[in-house]
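Hi everyone, thanks for making the time. I'd like to walk you through a structure today, so have a look at it while I talk.

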Amino acid sequence: MSDRHALLLRLVYPLVALILVIAGWALAVDVFEIPRYVMPSPMDVANHIADDWPALVKGFGQTFMEFLLGFLAGAIAGFVFAVLMDASRPVRGILYPILITSQAIPIVAISAALTIWLGFGLAPKLVIVALVVFFPVVVNVLDGLASVDKDIINLVRSMGASRFSIFRHVKLPATYTPLFSALKLSATFSVTGAVIAEWTASTSGGIGAYLLQANSRLNTAGTFAAIVFLALLGLVSFLLVIAAEYWLTPWRSGSKARRWSSSYWKDETGG
Amino acid sequence: MTAAASPKLALHAVTQRFGETLALSPTDLAVRAGEFVSVVGPSGCGKSTMFNIIAGVLQPSGGRVLIDGRDVTGRAGEVGYMLQKDLLLPWRTVLDNIVLGALLKGKAGPKERAEGVALARRYGLGDFINHYPSALSGGMRQRAALMRTLAMHRDVLLLDEPFGALDSQTRFAMQQWLLSVWEREQRTIVFVTHDIDEAVFLSDRVVVMSPRPGRIREIIEVPIPRPRPVSALTSPLFSTIKQRIIDLIYENSPALEPAHV
Ligand SMILES: Nc1ncnc2c1ncn2[C@@H]1O[C@H](COP(=O)(O)OP(=O)(O)O)[C@@H](O)[C@H]1O
Ligand SMILES: [Mg+2]
């Protein structure tokens, strides 16, 4: 099937890119005889990862949790904000300046303040990650809600739909596409947010903290190992969003409802 | 006018003002059960306004709308309504779109869905029940939109330029299809169009409206016997009726050549 073929190709290209980058890196370190403490070879990094595997995996898990929980909280909060702002003009008027201000303050500054208020635990990190996702989600969901065709609202009203029903069946699904484009954009930024939060509240645990520690000891192999894991984390977060989008918006990835979905009409006898 | 004592749909002095503009001056209209009535007239003469009032999504400045003698002014859900844009929900399958009326009320059970499937099969969308609307052509989308209107189980259907966006061949096929649906389903249809040929070919009567203020100019009977073959389009009677309508629409602007005929 050409669908499968296309999917395979989509997996092959990034793999080739990855191999090229690693090969180029290995070659550069070798040819230019770069000292190990400036730039480790891929093998050095691999060895370091193997040696420090438990700490790295634990750090990955910790930062991943910060990302995941913060991301969900930020996305949900942003969504609710957008819906409230769309529903009422006064609410929009009051919330908009707050929103803009939240965006104007650098994340690092907020992060510092949050450690004072919320300590060094999970909470300040979640808030930072949530703040990163929040703004793009609000803006895009607001856009989605505003872009709903007035004629379609009129039509479903003529069919006797209640306000809630209009929201549930017309407005809400119209936000999915812009929502997911916001989530895709902010997924990797959220990982950066988690790292920054770990730096300001430099507690042990996450990959960001690991990176800081390795860096301060001029442990370049450790630094690069952390970078590899952060890249992985960014990738995983992005792929998670892609996967969620695939499950939740089936009409964008296929021309037919999926067989197991409740919308699928199973009696095939006549059609 | 041959409307029976108790018409299916009646407008009594229905009026609509938008600020200074009188979009619809007091208008009376009676439509018999099972009748096919077209409404023609230049842009801005209040056709869509009249439909929005009948559909209950616009509260008129004055007047009353009656269905079977019941006052339904400002009440939604009493008629089936279809527009030029198909307005299918892209995130719903063709079947879900057809049963949207039930879906919106949380009543799209197996019975309603089976009925939607039967409609889709009867009218040529049986192979697309589980597809999303993006897989359909323009003509198929309009058919799905009409099925959505039919599945509402309303006696009166308001169709506002439903074929206006289709190419002429598809449009002609859709007109014949609509007539077959109308004959089979026994509904009362009020049909807005820009296309005078379409109005005459489809209708029992053609309501000619004029703008500033929006009002009914005249109502023309179309005594062409049914079923109407394609040859009816070129018959002398057809031409006479069409000419009469063109005269009515363009008599106030003699400089303009009819653009849609
Ligand atoms: N919601 C509205 N607010 C203000 N004016 C309107 C509104 N809807 C329609 N109108 C005006 O009313 C007149 C009739 O419009 P409409 O019923 O859409 O005409 P038609 O469908 O015959 O082209 C037009 O002059 C239009 O500009
Ligand atoms: Mg109109």
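I'll go through the two chains, then the empty spaces, then a handful of residues.

Before anything else, please keep in mind that this is a predicted model.

Okay, chain A. What does its secondary structure look like? Chain A has 11 helices and zero strands. So if you read along the sequence, you just get α after α: α-α-α-α-α-α-α-α-α-α-α. Its radius of gyration is 23 Å, and the globule rule for 271 residues gives 18 Å, so chain A is more spread out than a compact globule. Along the principal axes, the C-alpha atoms of chain A fill a box of roughly 75 × 55 × 30 Å.

How much of chain A is buried? Buried residues come to 39% of its 271 residues. On the surface side, chain A exposes about 15100 Å², with 70% of that supplied by carbon and sulfur atoms. And if you take the contacts in chain A with a separation of 6 or more, 70% of them are between residues 24 or more positions apart.

Now chain B. Here we count eight helices and 10 strands. For 261 residues a compact globule would have a radius of gyration near 18 Å, and chain B has 18 Å, so the two agree. The C-alpha trace of chain B spans about 55 × 40 × 35 Å along its principal axes.

In chain B, buried residues make up 56% of the 261. The exposed area of chain B is about 10600 Å², and carbon and sulfur atoms supply 53% of that. Of the chain B contacts between residues at least 6 apart in sequence, 67% join residues at least 24 apart.

On to the empty spaces. Rolling a probe the size of a water molecule over the atoms shows where empty space is left.

Where is the largest pocket, and what surrounds it? That pocket holds about 1600 Å³ of space and has 39 lining residues. Nearest its centre are Arg10(A), Leu11(A), Pro14(A), Leu235(A) and Leu239(A). The elements giving two or more residues to that lining are α1 (2–31), α2 (42–51), α10 (220–248) and α11 (250–253) of chain A. By class, the pocket lining has 27 nonpolar, four polar and eight charged residues.

How many cavities of 30 Å³ or more are there? The count comes to one, and the space in the largest cavity is about 30 Å³. What I'd point your viewer at is the lining: Ser158(A) and Met159(A) from chain A, together with Val79(B), Gly80(B), Tyr81(B), Thr149(B) and Met152(B) from chain B. In that lining, four residues are nonpolar, three are polar and none is charged.

Right, a few individual residues. Let's start with Glu245(A), which lies in helix α10 of chain A. Is Glu245(A) buried or exposed? With a relative accessible area of 9%, Glu245(A) falls under the 20% cut-off, so we call it buried. Leaving aside neighbours within four places in sequence, Glu245(A) is in contact with Phe180(A), Lys184(A) and Arg252(A).

Over in chain B, find Thr93(B), in the loop between β6 (80–82) and α2 (94–98). Thr93(B) is buried, at 1% relative accessibility. What does Thr93(B) touch? Not counting residues up to four places away in sequence, Thr93(B) touches Ala257(A) and Ser263(A) in chain A, and Ile129(B), Asn130(B), His131(B) and Tyr132(B) in chain B.

The loop between β6 and α2 of chain B also holds Leu87(B). Leu87(B) has a positive phi, near 55°, and is a residue other than glycine. At 8% relative accessibility, Leu87(B) counts as buried.

Asp68(B) is also not a glycine, and its phi is positive too, at about 55°. Look for Asp68(B) in the loop between β4 (62–67) and β5 (70–71) of chain B. At 40% relative accessibility, Asp68(B) counts as partly exposed.

Last topic, cis peptide bonds. One joins Arg212(B) and Pro213(B), with omega about -10°, and Pro213(B) sits in the loop between β9 (205–210) and β10 (215–221) of chain B. Another joins Arg226(B) and Pro227(B), with omega about -5°; Pro227(B) is in the loop between β10 and α8 (236–250) of chain B.

That's my tour, thanks for listening.

Definitions and conventions: Residues numbered from 1 in each chain as written. Chains lettered and ligands numbered in written order. Predicted model: local features only at pLDDT ≥ 70, side-chain atom pairs only at ≥ 80, totals over all residues. Heavy atoms only, no water. 1 Å grid on protein atoms, 1.4 Å probe; cavity = no way out; pocket = protein on both sides within 12 Å on 5 of 7 lines; lining within 4 Å. Points joined across faces, edges and corners; volume = space filled by probe spheres on them. Nonpolar A, V, L, I, M, F, W, Y, C, P; charged D, E, K, R; others polar. Helix = DSSP H or I, 4+ residues; strand = E, 2+ residues; numbered from the N terminus. Rg over C-alpha atoms; globule rule 2.2 N^0.38 Å. Buried < 20%, exposed > 50% of the residue type's maximum accessible area, 1.4 Å probe, protein only. Contact = heavy atoms within 4.5 Å. Areas by Shrake-Rupley, 256 points an atom, 1.4 Å probe, with all protein chains shown as cover.
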